[in-house]
Amino acid sequence: SDVLLDIKDLRKYFQISRGFMRRNTGAVRAVDGVSLAVQKGETIGIVGESGCGKSTTGRSILRLVEPTSGSINFLGKDILKLSKSHMREMRREMQIVFQDPYASLNPRYTVMQTLIEPLEVHRLHTPKERKDRVYSILDRVGLDSSYASRFPHEFSGGQRQRIGIARALILNPKLMILDEPVAALDVSIQSQVINLLEDVQKEFSLTNLFIAHDLSVVKHISTRIMVMYLGKMAELATSEDLFADPLHPYTRALLSAVPIPNPSIKRDRIILSGDLPSPANPPSGCVFHTRCPYTQDVCTQKIPEWREAKPNHFVACHLA
Ligand code: SF4
Ligand code: MG
(Lines give C-alpha, C1' and ligand atoms only; values in the text may rest on other atoms or scores of the structure.)
(Ligands and ions follow the chains in the order given, each with its own letter.)
Protein backbone atom coordinates (compact mmCIF):
# COMPACT_ATOMS: atom_id res chain seq x y z
CA SER A 1 0.00 0.00 0.00
CA ASP A 2 1.09 3.53 -0.71
CA VAL A 3 0.10 5.75 2.21
CA LEU A 4 0.61 9.47 1.63
CA LEU A 5 -0.94 10.74 4.84
CA ASP A 6 -1.20 8.83 8.09
CA ILE A 7 -3.09 10.48 10.93
CA LYS A 8 -2.88 8.77 14.30
CA ASP A 9 -5.04 9.54 17.32
CA LEU A 10 -5.32 13.22 16.47
CA ARG A 11 -6.80 15.42 19.19
CA LYS A 12 -7.47 19.11 19.37
CA TYR A 13 -8.87 20.43 22.62
CA PHE A 14 -9.57 24.14 22.85
CA GLN A 15 -9.41 25.62 26.33
CA ILE A 16 -12.38 27.79 27.12
CA SER A 17 -11.39 30.92 28.95
CA ARG A 18 -13.24 31.76 32.12
CA GLY A 19 -16.14 34.09 31.53
CA PHE A 20 -19.12 34.92 33.66
CA MET A 21 -20.57 31.51 32.82
CA ARG A 22 -18.10 29.59 34.93
CA ARG A 23 -19.80 26.29 34.39
CA ASN A 24 -18.52 26.46 30.82
CA THR A 25 -14.84 26.39 31.66
CA GLY A 26 -12.91 23.37 30.49
CA ALA A 27 -11.90 21.96 27.15
CA VAL A 28 -13.84 21.76 23.93
CA ARG A 29 -12.96 18.45 22.31
CA ALA A 30 -13.05 19.65 18.70
CA VAL A 31 -11.18 16.59 17.44
CA ASP A 32 -11.11 13.63 19.78
CA GLY A 33 -9.07 10.70 18.49
CA VAL A 34 -9.10 10.68 14.69
CA SER A 35 -6.97 8.06 12.93
CA LEU A 36 -6.90 7.77 9.17
CA ALA A 37 -4.45 6.39 6.62
CA VAL A 38 -4.94 8.03 3.25
CA GLN A 39 -3.64 6.24 0.16
CA LYS A 40 -1.98 8.15 -2.63
CA GLY A 41 -4.54 9.23 -5.20
CA GLU A 42 -7.55 8.76 -2.94
CA THR A 43 -10.25 11.28 -2.30
CA ILE A 44 -11.53 10.94 1.26
CA GLY A 45 -14.82 12.64 1.98
CA ILE A 46 -15.09 13.89 5.57
CA VAL A 47 -18.70 14.54 6.47
CA GLY A 48 -20.63 15.74 9.49
CA GLU A 49 -22.57 18.66 10.94
CA SER A 50 -20.80 21.90 11.75
CA GLY A 51 -18.86 21.47 14.96
CA CYS A 52 -18.05 17.80 14.30
CA GLY A 53 -14.35 18.53 13.93
CA LYS A 54 -13.99 18.02 10.20
CA SER A 55 -12.53 21.46 9.47
CA THR A 56 -10.26 21.32 12.52
CA THR A 57 -8.97 17.95 11.31
CA GLY A 58 -8.19 19.46 7.89
CA ARG A 59 -6.57 22.55 9.35
CA SER A 60 -4.46 20.50 11.75
CA ILE A 61 -2.80 18.80 8.78
CA LEU A 62 -1.64 22.19 7.52
CA ARG A 63 -0.95 23.28 11.09
CA LEU A 64 -3.25 26.24 10.71
CA VAL A 65 -4.31 24.99 14.13
CA GLU A 66 -1.84 23.22 16.42
CA PRO A 67 -3.19 19.84 17.53
CA THR A 68 -3.13 18.92 21.21
CA SER A 69 -1.75 15.43 20.58
CA GLY A 70 -1.37 12.71 17.99
CA SER A 71 0.80 12.36 14.92
CA ILE A 72 0.39 13.30 11.27
CA ASN A 73 2.77 11.50 8.99
CA PHE A 74 3.13 13.03 5.55
CA LEU A 75 5.81 12.12 3.00
CA GLY A 76 7.59 10.15 5.69
CA LYS A 77 7.72 12.93 8.29
CA ASP A 78 5.66 13.67 11.39
CA ILE A 79 4.67 17.17 10.42
CA LEU A 80 3.66 18.04 13.99
CA LYS A 81 7.36 17.81 14.85
CA LEU A 82 8.61 19.99 12.00
CA SER A 83 10.19 23.35 12.70
CA LYS A 84 8.47 26.42 11.31
CA SER A 85 10.85 26.68 8.37
CA HIS A 86 10.53 22.99 7.48
CA MET A 87 6.79 23.31 7.78
CA ARG A 88 6.86 26.24 5.36
CA GLU A 89 8.63 24.04 2.82
CA MET A 90 6.21 21.21 3.46
CA ARG A 91 3.24 23.51 2.79
CA ARG A 92 4.25 23.52 -0.84
CA GLU A 93 3.04 19.93 -0.99
CA MET A 94 -0.27 20.54 0.83
CA GLN A 95 -2.75 23.19 -0.17
CA ILE A 96 -6.20 24.18 1.01
CA VAL A 97 -9.27 25.48 -0.76
CA PHE A 98 -11.66 27.32 1.56
CA GLN A 99 -15.43 27.52 1.53
CA ASP A 100 -15.57 31.24 0.94
CA PRO A 101 -13.20 32.19 -1.85
CA TYR A 102 -13.98 35.87 -1.40
CA ALA A 103 -12.72 35.87 2.17
CA SER A 104 -9.61 33.93 1.21
CA LEU A 105 -8.59 36.13 -1.74
CA ASN A 106 -6.88 39.46 -1.21
CA PRO A 107 -9.36 42.01 -2.65
CA ARG A 108 -6.54 44.39 -3.65
CA TYR A 109 -4.60 41.76 -5.58
CA THR A 110 -5.23 41.04 -9.24
CA VAL A 111 -5.62 37.39 -10.15
CA MET A 112 -2.06 37.48 -11.49
CA GLN A 113 -0.73 38.81 -8.17
CA THR A 114 -2.73 36.24 -6.21
CA LEU A 115 -1.49 33.32 -8.28
CA ILE A 116 2.11 34.42 -8.69
CA GLU A 117 2.66 35.07 -4.98
CA PRO A 118 3.13 31.41 -3.92
CA LEU A 119 5.72 30.95 -6.68
CA GLU A 120 7.60 34.00 -5.44
CA VAL A 121 7.41 32.93 -1.80
CA HIS A 122 8.89 29.55 -2.68
CA ARG A 123 11.36 31.11 -5.14
CA LEU A 124 10.29 28.90 -8.01
CA HIS A 125 10.98 29.59 -11.69
CA THR A 126 12.02 32.76 -13.46
CA PRO A 127 9.65 35.74 -13.59
CA LYS A 128 8.71 34.87 -17.18
CA GLU A 129 8.07 31.22 -16.32
CA ARG A 130 5.90 32.28 -13.37
CA LYS A 131 3.61 34.28 -15.62
CA ASP A 132 3.39 31.45 -18.13
CA ARG A 133 2.52 29.09 -15.31
CA VAL A 134 -0.27 31.42 -14.12
CA TYR A 135 -1.75 31.55 -17.63
CA SER A 136 -1.63 27.80 -18.01
CA ILE A 137 -3.25 27.20 -14.59
CA LEU A 138 -5.96 29.77 -15.36
CA ASP A 139 -6.68 27.95 -18.59
CA ARG A 140 -6.75 24.65 -16.73
CA VAL A 141 -9.44 25.84 -14.31
CA GLY A 142 -11.54 27.24 -17.15
CA LEU A 143 -10.70 30.93 -16.86
CA ASP A 144 -9.63 33.17 -19.73
CA SER A 145 -6.10 34.60 -19.53
CA SER A 146 -7.58 38.10 -19.83
CA TYR A 147 -8.89 37.58 -16.27
CA ALA A 148 -5.35 37.82 -14.91
CA SER A 149 -5.46 41.60 -14.62
CA ARG A 150 -8.83 41.70 -12.84
CA PHE A 151 -9.77 41.79 -9.15
CA PRO A 152 -11.80 39.28 -7.09
CA HIS A 153 -14.90 41.48 -6.87
CA GLU A 154 -15.24 41.34 -10.64
CA PHE A 155 -16.01 37.63 -10.56
CA SER A 156 -18.97 35.41 -9.72
CA GLY A 157 -18.77 33.03 -6.76
CA GLY A 158 -18.05 30.07 -9.02
CA GLN A 159 -15.29 31.94 -10.84
CA ARG A 160 -13.76 33.03 -7.56
CA GLN A 161 -13.67 29.45 -6.40
CA ARG A 162 -11.89 28.54 -9.65
CA ILE A 163 -9.29 31.17 -8.74
CA GLY A 164 -9.00 29.60 -5.27
CA ILE A 165 -8.45 26.20 -6.89
CA ALA A 166 -5.88 27.69 -9.30
CA ARG A 167 -3.98 29.18 -6.38
CA ALA A 168 -3.95 25.80 -4.64
CA LEU A 169 -2.73 24.06 -7.82
CA ILE A 170 -0.02 26.48 -8.81
CA LEU A 171 2.61 24.89 -6.57
CA ASN A 172 1.77 21.43 -7.88
CA PRO A 173 0.99 19.99 -4.42
CA LYS A 174 0.51 16.33 -3.52
CA LEU A 175 -2.34 16.86 -1.07
CA MET A 176 -5.39 19.09 -1.30
CA ILE A 177 -7.61 19.91 1.67
CA LEU A 178 -10.95 21.00 0.26
CA ASP A 179 -12.87 22.61 3.12
CA GLU A 180 -16.48 22.76 1.95
CA PRO A 181 -15.36 24.18 -1.42
CA VAL A 182 -18.85 24.25 -2.93
CA ALA A 183 -21.01 24.95 0.14
CA ALA A 184 -21.28 28.67 -0.63
CA LEU A 185 -22.09 28.17 -4.33
CA ASP A 186 -25.42 27.90 -6.14
CA VAL A 187 -26.48 24.31 -6.64
CA SER A 188 -26.20 24.73 -10.41
CA ILE A 189 -22.54 25.75 -10.06
CA GLN A 190 -21.64 23.12 -7.45
CA SER A 191 -21.47 20.20 -9.87
CA GLN A 192 -19.30 22.18 -12.31
CA VAL A 193 -16.79 22.89 -9.58
CA ILE A 194 -16.88 19.29 -8.34
CA ASN A 195 -16.27 18.10 -11.91
CA LEU A 196 -13.31 20.45 -12.16
CA LEU A 197 -11.91 19.12 -8.88
CA GLU A 198 -12.33 15.59 -10.17
CA ASP A 199 -10.52 16.40 -13.43
CA VAL A 200 -7.57 18.17 -11.82
CA GLN A 201 -7.29 15.41 -9.22
CA LYS A 202 -6.42 12.94 -11.99
CA GLU A 203 -4.33 15.34 -14.02
CA PHE A 204 -2.20 16.55 -11.10
CA SER A 205 -2.17 13.13 -9.33
CA LEU A 206 -3.66 14.71 -6.24
CA THR A 207 -4.75 13.13 -3.03
CA ASN A 208 -7.80 14.94 -1.66
CA LEU A 209 -9.52 15.40 1.65
CA PHE A 210 -12.93 16.73 0.71
CA ILE A 211 -14.76 18.19 3.73
CA ALA A 212 -18.52 18.63 3.45
CA HIS A 213 -21.62 18.71 5.62
CA ASP A 214 -23.64 16.95 2.98
CA LEU A 215 -23.08 13.32 1.94
CA SER A 216 -24.51 13.82 -1.53
CA VAL A 217 -21.79 16.38 -2.34
CA VAL A 218 -18.97 13.88 -1.77
CA LYS A 219 -20.72 10.72 -2.99
CA HIS A 220 -19.27 10.55 -6.50
CA ILE A 221 -15.90 12.18 -5.98
CA SER A 222 -14.84 10.15 -2.93
CA THR A 223 -13.14 6.79 -2.90
CA ARG A 224 -13.89 6.53 0.82
CA ILE A 225 -16.02 8.56 3.19
CA MET A 226 -15.47 9.19 6.89
CA VAL A 227 -18.44 10.35 8.94
CA MET A 228 -17.66 12.38 12.07
CA TYR A 229 -19.79 13.30 15.04
CA LEU A 230 -18.71 15.52 17.95
CA GLY A 231 -15.02 15.21 17.19
CA LYS A 232 -15.07 11.44 16.79
CA MET A 233 -15.13 9.06 13.86
CA ALA A 234 -18.51 7.38 13.52
CA GLU A 235 -17.99 5.40 10.31
CA LEU A 236 -15.50 4.90 7.48
CA ALA A 237 -16.18 2.95 4.30
CA THR A 238 -15.92 3.12 0.53
CA SER A 239 -18.40 5.56 -0.91
CA GLU A 240 -20.43 2.75 -2.49
CA ASP A 241 -20.54 0.69 0.67
CA LEU A 242 -21.46 3.64 2.85
CA PHE A 243 -24.43 4.50 0.67
CA ALA A 244 -25.51 0.88 0.11
CA ASP A 245 -25.04 -0.35 3.65
CA PRO A 246 -24.67 2.43 6.22
CA LEU A 247 -23.99 0.86 9.63
CA HIS A 248 -23.98 3.80 12.03
CA PRO A 249 -27.37 5.30 12.95
CA TYR A 250 -25.88 8.77 12.50
CA THR A 251 -24.79 7.97 8.94
CA ARG A 252 -28.28 6.67 8.29
CA ALA A 253 -29.71 9.91 9.65
CA LEU A 254 -27.48 11.91 7.29
CA LEU A 255 -28.54 9.66 4.41
CA SER A 256 -32.18 10.17 5.29
CA ALA A 257 -31.69 13.79 4.28
CA VAL A 258 -30.38 12.73 0.85
CA PRO A 259 -33.09 12.16 -1.77
CA ILE A 260 -33.11 8.55 -2.98
CA PRO A 261 -32.80 8.48 -6.79
CA ASN A 262 -34.25 4.98 -6.99
CA PRO A 263 -37.44 4.82 -4.92
CA SER A 264 -37.48 1.01 -5.04
CA ILE A 265 -34.55 1.06 -2.59
CA LYS A 266 -36.18 0.97 0.80
CA ARG A 267 -34.25 2.50 3.61
CA ASP A 268 -35.37 3.20 7.16
CA ARG A 269 -35.48 6.93 7.55
CA ILE A 270 -33.97 8.40 10.68
CA ILE A 271 -34.89 11.97 11.38
CA LEU A 272 -32.52 13.54 13.88
CA SER A 273 -34.17 15.04 16.90
CA GLY A 274 -32.64 17.14 19.61
CA ASP A 275 -29.77 19.58 19.39
CA LEU A 276 -26.16 18.79 18.80
CA PRO A 277 -24.67 18.51 22.32
CA SER A 278 -21.88 20.90 23.28
CA PRO A 279 -18.42 19.50 22.52
CA ALA A 280 -17.37 21.14 25.81
CA ASN A 281 -19.66 18.74 27.61
CA PRO A 282 -20.03 15.65 25.40
CA PRO A 283 -22.46 12.87 26.40
CA SER A 284 -21.05 9.87 28.28
CA GLY A 285 -20.54 6.56 26.49
CA CYS A 286 -21.45 6.89 22.84
CA VAL A 287 -21.48 10.63 22.08
CA PHE A 288 -24.46 10.08 19.76
CA HIS A 289 -26.67 8.48 22.43
CA THR A 290 -28.69 11.65 23.17
CA ARG A 291 -30.00 11.66 19.59
CA CYS A 292 -29.89 8.02 18.58
CA PRO A 293 -33.24 6.20 18.17
CA TYR A 294 -31.61 2.88 19.19
CA THR A 295 -29.95 3.96 22.44
CA GLN A 296 -29.61 1.20 25.03
CA ASP A 297 -28.15 1.25 28.54
CA VAL A 298 -24.71 0.20 27.32
CA CYS A 299 -24.64 3.22 24.97
CA THR A 300 -24.81 5.70 27.84
CA GLN A 301 -22.05 3.92 29.78
CA LYS A 302 -19.46 2.56 27.37
CA ILE A 303 -17.63 4.30 24.55
CA PRO A 304 -18.14 2.10 21.47
CA GLU A 305 -14.95 0.68 20.01
CA TRP A 306 -13.80 1.52 16.51
CA ARG A 307 -13.97 -1.81 14.72
CA GLU A 308 -13.97 -3.33 11.24
CA ALA A 309 -17.53 -4.61 10.99
CA LYS A 310 -17.08 -5.72 7.38
CA PRO A 311 -13.93 -5.77 5.23
CA ASN A 312 -12.75 -2.15 4.90
CA HIS A 313 -15.87 -0.89 6.63
CA PHE A 314 -15.30 0.60 10.08
CA VAL A 315 -17.85 1.79 12.62
CA ALA A 316 -18.09 2.93 16.23
CA CYS A 317 -21.46 1.63 17.47
CA HIS A 318 -22.38 -1.04 20.00
CA LEU A 319 -25.24 -2.38 17.94
CA ALA A 320 -24.02 -2.08 14.33
FE1 SF4 B 1 -26.82 4.56 18.89
FE2 SF4 B 1 -25.79 3.08 20.85
FE3 SF4 B 1 -24.84 2.85 18.38
FE4 SF4 B 1 -24.35 5.02 19.81
S5 SF4 B 1 -23.63 2.97 20.26
S6 SF4 B 1 -24.98 4.94 17.69
S7 SF4 B 1 -26.25 5.27 20.93
S8 SF4 B 1 -26.90 2.33 19.07
MG1 MG C 1 -16.25 24.07 8.82
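# A tour from helix α7 to ligand 1

Begin with helix α7, whose buried residues are covered by a set of elements that includes α5, α6 and β7 (175-179). What you have open is a predicted model, in which local features need pLDDT of at least 70, side-chain atom pairs count only at pLDDT 80 or more, and totals for chains, interfaces and linings use all residues. Residues are numbered from 1 along each chain as its sequence is written, while chains are lettered from A and ligands numbered from 1 in the order in which they are written.

Some words need their cut-offs before you go on. Helices (H or I, at least four residues) and strands (E, at least two) are DSSP runs, numbered from the N terminus. A residue is buried if 20 or more other C-beta atoms lie within 10 Å of its own, exposed if 12 or fewer, and partly exposed in between, with C-beta atoms placed from the backbone. Covering and packing rest on contacts, and two residues are in contact if their C-beta atoms, placed from the backbone, lie within 7 Å.

**Helix α7.** Select Val-193, Ile-194, Leu-197 and Val-200, which are the buried residues of α7. They cover an arc of only 130° around the axis (the arc is that of the directions from the helix axis to the C-beta atoms), which puts them on the same side of α7. The general reason is that an α-helix has 3.6 residues a turn, so residues three or four places apart point the same way. Now colour Ser-188, Lys-202 and Glu-203, the exposed residues on the face of α7 turned away from its buried side. Glu-203 counts as exposed because it has 10 C-beta neighbours inside 10 Å. If you draw a distance from the C-alpha atom of Glu-203 to that of Leu-62, you should find 23 Å between two residues that are 141 apart along the chain. Just past the helix, look at Ser-205, whose phi is positive, near 50°.

**Helix α5.** Move next to residues 127-140, which form helix α5. The expected span of a helix is 1.5 Å times one less than its number of residues. For the 14 residues of α5 this should give 20 Å, and the end C-alpha atoms are 20 Å apart, which agrees. Select Val-134, Ile-137 and Leu-138, which are buried in α5. Seen down the axis, the buried residues of α5 fall within an arc of 100°, so they line one face of the helix. These buried residues pack against α4 (111-121) and α6 (157-169), whereas Lys-128, Glu-129, Asp-132, Ser-136 and Asp-139 are exposed on the other side of α5. Just after the helix comes Gly-142, with a positive phi of about 85°.

**Strand β9 and its partners.** Select residues 224-229, strand β9, where six of the six residues are buried. Both faces are covered, with Arg-224, Met-226 and Met-228 on one side and Ile-225, Val-227 and Tyr-229 on the other. Two strands pair if DSSP finds at least two bridges between them. Strand β3 (residues 43-47) runs parallel to β9 and is joined to it by four bridges, and the bridge partner of Val-47 in β9 is Val-227. Strand β10 (residues 232-238) pairs with β9 in the antiparallel sense over six bridges, and there Thr-238 in β10 is the bridge partner of Arg-224. Between β9 and β10, in a hairpin with two residues between the strands, Leu-230 takes a positive phi near 50°. Leu-230 is buried, with 24 other C-beta atoms within 10 Å.

**The open sheet.** Show β2, β1, β4 and β5, which form an open sheet of four strands in the order β2-β1-β4-β5, with antiparallel pairing. β2 (26-39) and β5 (77-78) stand at the edges, each with a single partner strand, so one side of each is left without a neighbour in the sheet. In strand β1 (residues 3-16), find Asp-9, which has a positive phi near 50° although it is not a glycine.

**Ligand 1.** Finish at ligand 1, which is surrounded by 13 residues, the closest being Cys-286, His-289, Cys-292, Cys-299 and Cys-317. A residue is near a molecule or strand if its C-beta atom, placed from the backbone, lies within 6 Å of it. The shell around ligand 1 divides into nine nonpolar, four polar and no charged residues. In this division Ala, Val, Leu, Ile, Met, Phe, Trp, Tyr, Cys and Pro count as nonpolar, Asp, Glu, Lys and Arg as charged, and the others, Gly among them, as polar.
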